[in-house]
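Here are my notes on the model, as numbered points. Please read them with the structure open.

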Amino acid sequence: MSKESCDVVGCSVLRVDGPDKLTGKACYAGDIAFTGMLHLKLLRSDRPHAKILGIRIAEAQAHPGVVAVLTCRDIPGTNRIGREIRDQNVLSVDKVRFIGDPIALVAAKTPEAAEAAAALIRVDYEDLPGIFSPEEALAPGAAKIHPNGNLLMEQSLLRGDPDRALQGADVVVANTYRTPMVEHAYLEPEAGVARFDGGNLTVWMPSKYSHFDQRELAEAIGLSQGLVRVVNTTIGGCFGDKTSLSPGYYAALAALKTGRPAKMVYSREESFMATRKRHPFVIRYTTGASRDGRILAAKIEILADTGAYCASGPTVLVKSLIHAAGPYDIPNISMKVTFAYTNNPVGGSMRGLGVPQVAFAHESQVDIVALELGMDPFDIRVKNGFRPGSVTATGQKLGDSVSLVETLAAVRAEVERIGTPPSTAAKRYGWGVAAMFYGIGAGGRSNPGGARLEVDDAGVFTLFVGIGDVGQGSSTALVQIAAEVLRCRVEEIRLVSGDTERCPDSGVTAASRVTYIVGRSVQIAAEKMIGLLREAAASITGVAPGSLRLDGGFFLSSEDPSRRVSVAQAVAAARGEGIPLTAEGVFDPEFIALNPVTGQGAPMATYAFATQAALVAVDTGSGEVEVLSIVACHDVGRAVNPDGVTGQIEGGISMGVGFSLTEEILLEEGRIRNAGFSQYFLPTSLDMPETVALIAEAPEATGPFGAKGVGEPALLPTAPAIVNAIHAAAGVRVKELPATAEKVWRLLQESERP
Amino acid sequence: MADKKKMKLKVNGVWREVETRPDRILLDLLREELGLTGTKKGCEAGECGACTVIMNGRAVLACLVPAAKADGAEIMTIEGLAGKGGLHPLQQAFLEAGAVQCGYCTPGMLLAAKALLDTNPEPSLEDVKRAISGNLCRCTGYTKIVQAVRAAAVIVRAERSGAAGPQDAVKQAKRAAHR
Amino acid sequence: MYWKDYKRPGSVAEALALLEHAAGRGRIIAGGTDLTLQLRQRQSSADLLVDVTGIDGLGGIGEKDGWITIGAAVTHAEAAGNPLVRQAARALAEGCGQVGAPQIRNMATLMGNVISAQPAADAAVPLTALEAEIRVVSTTGERWIPIEEAYLAVGRSAIDASREVATEIRFRKQENGVQTRFFRLAKRKALTLPVLNGAVSILADPTTKRIRRARIALGPVAAKPFRARRSEACLESVEISPELVEEAARIAAEEASPRTSLVRGSAPYRKAMVRLFLARTIGEMLAVG
């Protein structure tokens, strides 16, 4: 259904998955039930770092309703998982490395029985020294969390001669910034259901990458991949997580060992404790600029807490490296990014993958430099900001799809229009601005999308893609792209997604890559499909294929307007000639991997740009910060679905408001003290500012109809804009997120002392 | 003290008799015994609003209501929101405003909004935000949700006053705004 | 099982009989928003739950003989929207209106808020400033407990919900000229326990320019809602001035003893906020400072 009559791409088409979600019909994994189904509960480590000497399960096994209690010994497969390094177990073997490490699995007839039995399992631990910061982890003599030591990865970047440039700079600003551990906090807790049918296993779960989970699960549990089918259920939010080790894996293990269907749903507390988090960063940042506002040099050192296991640490590291200098033409840059293991919760992929952290730093630095120079914060960004053809920190020359400066101008105009309320002694108002860029795609490696189109005898198309809609609207956008190419309505295309048996591997729903990479794959597949059908239509009509145009379900001939062939007729003709009517599209963006020493390369094929500005009110007595207004302008190349884009921007802003003001995982000796929504503060409706979400379009030639991406960019400028606004309003500089009331209060107190 | 307890609830207009353990909570009774999985479980601690249902006319959190407390009560879940004629104006408004993303908060959000419109047919912006302040959303930033509830309020008022249809309702709302 | 049986008696006498029969393993439940969770998280246990919300006479808000009475089944939403409460006890209406979220306010009762014995309860703190009393009925008779005596320790009420039924809250209808206010500092605007809350009641005499009666209740700055008595005495001591307000606020910050809390903040900050919010609130009420 389209809201207005217009072509499909660029139209705010109503979400194809909307009606089911609105009526309670959408099926999430936690909604599935089978007869004879077992319920699962994990016993997890309550120590941050310990050897497992023994696990006593007899009492648990004897609990009424319990069917099986499983440990690592019961896993026929490798029992190893990991997106990059397989250093994590499905069930721990001889060691636990964080509070929440899974040790034993109970399968019982009711969830209550499973939970009660899990509490009866006794683990004999030998405690090892706990390491709770990356500094501690890298100190000489520190206890080894993994056999190869506590350094996960370190990578550098060098461009020009930053030391020399800093010596010649008129202004040098050096600061240390800290960002907290953050929780994805999607509303749907992780869940998974598994069932054997004959020898075939089906696992239903919300997965951002069904094909990966299928492979990893099969290998880890010990099943032949060909016998495992992963089917995506409706995903209740993912923000980078919901892949790799998850309840579906445990359900598969239990189904294998008991022969019965099995279901597992994490409790909210478990979801907090046991799943991956945003990496906390310490960023040491030195910026040098000339008097006229040119940024000459940046020296950046990042130390990140990657937690107990590797997870996506390396990807987050590389993305940080690529983006840490910000969207600015800086000729001299050095970076060193270090990720260390600790016995804290595992760092994984979370919306932005290191870039929210570095954006906080680079946008604070640019603001501070501007202040030192007496320069307007917009002006300094315009002066140094990327333009088409600019060269990035990794030495990549940008293409044409760069409209950072336009986003700065659009936001500036709106900020001027809204204005600033007059400040009083008790309540001070101010605007802050922040800009960002974000590469679309995995970064420095191959990450192909895949799509397949089929058409049936009635001329109805079905689109198959491997990725599921995590809520961001990808299903709708992909169908729109297909419909645009096929010149039909969105309702005339069926979509099958996330089913490893039926769908091609499209790569992961992440990295803001779906519209650009999978969308392009869809476009390619659709164009191929038209080619196939056009040939068949040409053979029926006898006109040249090149003169045939598809529109509204018919091939029309420019040579002979009276000749038209329906898609169904073309299908019949093709079938008659034995031509298979399947079209596949694969798009893998070009890249040049980063040099391991200099960090130079062309890691992403295209980048998104954005500016956001925030108006805050600071209560100078209490330190409370209220965000009144946020203006955002995002260059998305081409907005396939404008409402979908602005919806992402608004959602990203709310995540940014939380990141800047209220969200932090509070850890004490590796234990999360605030593992619940009453103590981990997501913004509520009353905490959201008024938002103005503007779309800029600088078409990306390699993207479908010029589209790039917006999922992660939506979040990136928000926190720094708010922090810069706090300074503009109250004259204090927050260098450690979140900017809680007490932190701001302390800064205000300190600034008042003579 | 029995192993099972009999309860009778009017759910979405239909009386349902259920026999279940006495310490069942309403959320599990709806989802398990009655198979109405539209009401979602987000935290089981009354901290997220995903399990919001309307009980005896008021929005409540089903995860905190002992099922036995709901014995004899009238409950509306998301499955009962749409009428025979199609989607409720709130559902339609959410769809048109783009207010649904992952959808997990949506059932609770819709019912919190319905409870608002049932008692306050002309809610202000602040009223709407307050009415959904107990429903967390991680995807949308609430902006389009608030827009949708306000749009639905206009339509519901128009339907109640017997106007010809949504077009009329929007015209009426525009006229009212200019007075 | 989290509980084994659930009954909804039609009278207080019936409720008491059920409790007696349960021999200490029964528990009164009203809205259930606190108790249900506690039982399911196994922080406490009970065999029988006795739901009093259906008992006639426990559901009303009224005025009688100079007292405002609030039945045990009255919810925060009902109190917040009630014209009598809003007019006669603004701080109570405000406190009730800021608890948790609309859904919680629809279920949770003021009485439950008192009996849960939490130091920062948003209904109990204004009730403390209003010097409320609780009527408690047991098999041996009935008594009225001043609200301050209803707390034994954090989470432990002097009212034994396994043997007694608290039926009613009452507080004196305040004289003309009494102003009450509620304030709350929290990490976000809904679904959050307060970092600090407070209720102030002031009766000022415009002719003498003095405060005849001041009542200040604060939470969570002690084990229970805290009456800042030294601060009250200060306010009542001399003529109203901005300096008086500042001094009273300073004293209250001294008497209050919040501890450093991982989630709520450090003790120095919390004390500073007591001072700030009281100064602002009292200043506003008196239109000075």
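1. Burial in chain A. Of the 754 residues in chain A, 64% are buried. Please keep in mind throughout that this is a predicted model.

2. Overall dimensions of chain A. A compact globule of 754 residues would have a radius of gyration near 27 Å. Chain A has 27 Å, so the value agrees with that expectation. The C-alpha trace spans about 90 × 75 × 50 Å along its principal axes.

3. Content and contact range of chain A. The chain holds 18 helices and 30 strands. Take the contacts in chain A with a separation of 6 or more: residues 24 or more positions apart account for 80% of them.

4. A β-α-β unit in chain A. Strand E20(A) covers residues 461-465. It pairs with E21(A) in the parallel sense, over five bridges. Helix H13(A), residues 474-486, joins E20(A) and E21(A) in a β-α-β unit, and the unit is right-handed. Which residue is the bridge partner of Val465(A) in E21(A)? That partner is Ser497(A).

5. The two faces of E21(A). This strand runs over residues 493-497, and its side chains alternate. Ile493(A), Leu495(A) and Ser497(A) point to one face and are buried. Arg494(A) and Val496(A) point to the other face and are not buried. Ser497(A) thus appears twice in these notes: on the buried face, and as the bridge partner of Val465(A).

6. A three-stranded sheet in chain A. The sheet is open, with the order E22-E23-E24 and antiparallel pairing. Why is one side of E22(A) and of E24(A) left without a neighbour in the sheet? Strand E22(A), 548-551, and strand E24(A), 564-566, stand at the edges and have a single partner strand each, so one side of each stays without a neighbour. On average, neighbouring strands of this sheet are turned by 25 degrees against each other, direction ignored.

7. Pairing inside that sheet. E22(A) pairs with strand E23(A), residues 554-557, in the antiparallel sense. Four bridges make up this pairing. Arg549(A) stands opposite Leu556(A) of E23(A).

8. Helices on that sheet. Helix H14(A), residues 514-541, packs on the sheet and touches E22, E23 and E24 of chain A. Its direction makes about 120 degrees with that of E22(A). Helix H15(A), residues 567-576, lies across E23 and E24 of chain A. H15(A) runs at about 80 degrees to E24(A).

9. The surroundings of Pro713(A). This proline sits in the loop between strand E30(A), 690-696, and helix H17(A), 718-730. Is Pro713(A) buried or exposed? It is buried, because 30 other C-beta atoms lie within 10 Å, and the cut-off for burial is 20 or more. Leaving aside residues up to four places away in sequence, Pro713(A) touches Met436(A), Tyr438(A), Ser512(A), Ala608(A), Ala610(A) and His634(A). Pro713(A) and Ile653(A) are 60 residues apart in sequence, with their C-alpha atoms 9.8 Å apart in space.

10. The contact between chains A and B. Here 44 residues of chain A are in contact with 40 residues of chain B. On the chain A side, helix H1 (18-23) and helix H16 (642-661) each supply at least two residues. H16(A) gives the most, with seven residues. By class, the chain A side has 15 nonpolar, 21 polar and eight charged residues.

11. Chain B itself. Its secondary structure comes to six helices and five strands. From the N terminus on, the elements run β-β-α-β-β-β-α-α-α-α-α. Of the 179 residues of chain B, 62% count as buried. Among contacts between residues at least 6 apart in sequence, 55% join residues at least 24 apart.

12. The contact between chains B and C. This contact takes 26 residues from chain B and 23 residues from chain C. On the chain C side, strand E1 (5-7), helix H2 (35-40), strand E3 (48-51) and helix H6 (102-107) each supply at least two residues. H6(C) has the largest share, five residues. The chain C side divides into 12 nonpolar, six polar and five charged residues.

Methods: Residues numbered from 1 in each chain as written. Chains lettered and ligands numbered in written order. Predicted model: local features only at pLDDT ≥ 70, side-chain atom pairs only at ≥ 80, totals over all residues. Buried ≥ 20, exposed ≤ 12 C-beta atoms within 10 Å, placed from the backbone. Pairing = 2+ DSSP bridges. Right-handed = clockwise from strand over helix to strand, strands pointing away. Contact = placed C-beta atoms within 7 Å. Nonpolar A, V, L, I, M, F, W, Y, C, P; charged D, E, K, R; others polar. Axes fitted to C-alpha atoms, helices over the stretch in contact; angles between N-to-C directions. Rg over C-alpha atoms; globule rule 2.2 N^0.38 Å.
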